[in-house]
Amino acid sequence: MADIRGTYDDLLSAVPGKLAALLDAGDVGGSVAVFVDGEPVVDVWGGYADAERTVPWGRDTITNVWSVTKTMTALCALILADRGELDLDAPVARYWPEFAAAGKDRVLVRHVLSHTAGLPEWDVPVTLDDFCDWPSATALLAAQAPRWVPGTDGGYHSLTQGFIVGEVLRRVTGRTVGEFFALEVSGPLGADFHIGLSAEHDDRVARVVPPPGKGEDYAASAPGPDAEPASGTGVRVKDGNSVAWRRAQIPAASGFGNARSVALIQSVMACAGAVKGVRLLSEAGAGRAREEQFEGEDRVLGMPMRWGLGYGLFGTTYGWGGWGGSLLMIDPDSRMVVAYVTNQVREPADETRGLDLVMSAYEGLQGLRR
């Protein structure tokens, strides 16, 4: 069996056991954390940080968590909304006047957070250089027209959401998403998560590994069987492994952290706005994430979805996952967060790892609450 390091409550031994089984089945590396009441009851890791399996995954190994980053950007927006500095019911153009072009004056901030803004991707093919050029990426979005009447339909804004929310945050605070996040979220909590990774952390990064039989040109795709085809904005494994990607602030997809940092930060949402004595937002402000904005067939993902404010809604829980397998699940009723990050990409149709780990955590939670 794979060597799993870290700590865990004996009642939740199924979680590290599941991680070991994934590594034994061929995954390269990963980490899992389960926090209850803001405290870790599972914090484990194993495998390797490189495709060659020469560098063991360590306690402080971090990796790209892809779209789990969206939940960090959404948290920043919810914090500003809770402070009264950002009105979620206001048009984006109130904060970013240029955005009103081409009929987007009716796009509200809440539409962007809930993937109902009608801007699921750029109208022209964009490249890694565009993703890494903030003025270029945002100017293109400001100029284009929505694909549907904002607020009337849902379609996953895979990369565009982060740039739009990020530009609104920049206009409100004068700081980039990465700067605001470091100052107001990860810094106060002491969490090892970064949007825009500096060179000092490069040697801790577990590089992304494509699915077996695939190369570094393997590109991201939506998981649903009826998903819309990509139109030139796909991100490849080699993009995610590039220095340019690590340095850039791509607020929907380029966050770097480990399961411990993801779970710690999002425990703020599970624990009514505060964790470890640090209050980031009020109980009501944290609860806004679960306000349903859309329910129906997501026209991009090609499957039924419920969208809240910055998070996907799943029964009484919420969260989101990233391309490649990383996953965040928040259960405010149990004050529990489960986070899984991995450098091993799998084909979307084969992806059940995160959900399997969540189910393992629930098995242990029942014993923990007795």
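Val124 sits in the loop that links helix H4 (109-113) to helix H5 (128-131). The model is predicted. Val124 is partly exposed, because its relative accessibility is 40% and that class lies between the 20% and 50% cut-offs. Val42 is 82 residues away in sequence from Val124. In space, the two C-alpha atoms are 44 Å apart.

Two other loop residues can be set beside Val124.

| Residue | Loop between | Relative accessible area | Class |
|---|---|---|---|
| Val124 | helix H4 (109-113) and helix H5 (128-131) | 40% | partly exposed |
| His201 | strand E5 (194-195) and strand E6 (205-206) | 14% | buried |
| Gly325 | strand E13 (317-321) and strand E14 (327-331) | 7% | buried |

**His201.** This residue counts as buried because its relative accessible area is 14%, and the cut-off is under 20%. Its side chain makes a polar contact with the side chain of Arg204, at 2.9 Å. Leaving out residues up to four places away in sequence, His201 touches Ile62 and His194.

**Gly325.** A relative accessible area of 7% makes Gly325 buried. What does Gly325 touch, not counting residues up to four places away in sequence? The partners are Tyr340, Thr342, Glu351 and Arg353. Ile79 lies 246 residues from Gly325 along the chain, with 27 Å between their C-alpha atoms.

**Helix pair H2 and H11.** Ile79 falls within the range of helix H2 (residues 69-82). Helix H2 packs against helix H11 (residues 259-270) at an angle of about 35°. The axes are 11 Å apart. Is the crossing left-handed or right-handed? The crossing of H2 and H11 is left-handed. On the H2 side, the contact is made by Thr71, Met72, Leu75 and Leu78. H11 supplies Val262, Ile265, Gln266 and Met269. By type, the contact residues comprise 6 nonpolar and 2 polar, with no charged ones.

**Hairpin E10 and E11.** Strand E10 (residues 294-298) pairs with strand E11 (residues 303-307) in the antiparallel sense. The pairing runs over 5 bridges. Phe294 stands opposite Trp307 of E11. The two strands form a hairpin, with 4 residues between them. Which residue in the turn has a positive phi? That residue is Gly302, with a phi of about 70°.

How values were computed:
Residues numbered from 1 in each chain as written. Predicted model: local features only at pLDDT ≥ 70, side-chain atom pairs only at ≥ 80, totals over all residues. Heavy atoms only, no water. Buried < 20%, exposed > 50% of the residue type's maximum accessible area, 1.4 Å probe, protein only. Contact = heavy atoms within 4.5 Å. Pairing = 2+ DSSP bridges. Axes fitted to C-alpha atoms, helices over the stretch in contact; angles between N-to-C directions. Left-handed = near helix turned anticlockwise from the far one by under 90°. Nonpolar A, V, L, I, M, F, W, Y, C, P; charged D, E, K, R; others polar. Polar contact = N/O pair within 3.5 Å; in protein donor to acceptor, adjacent residues only side chain to side chain.
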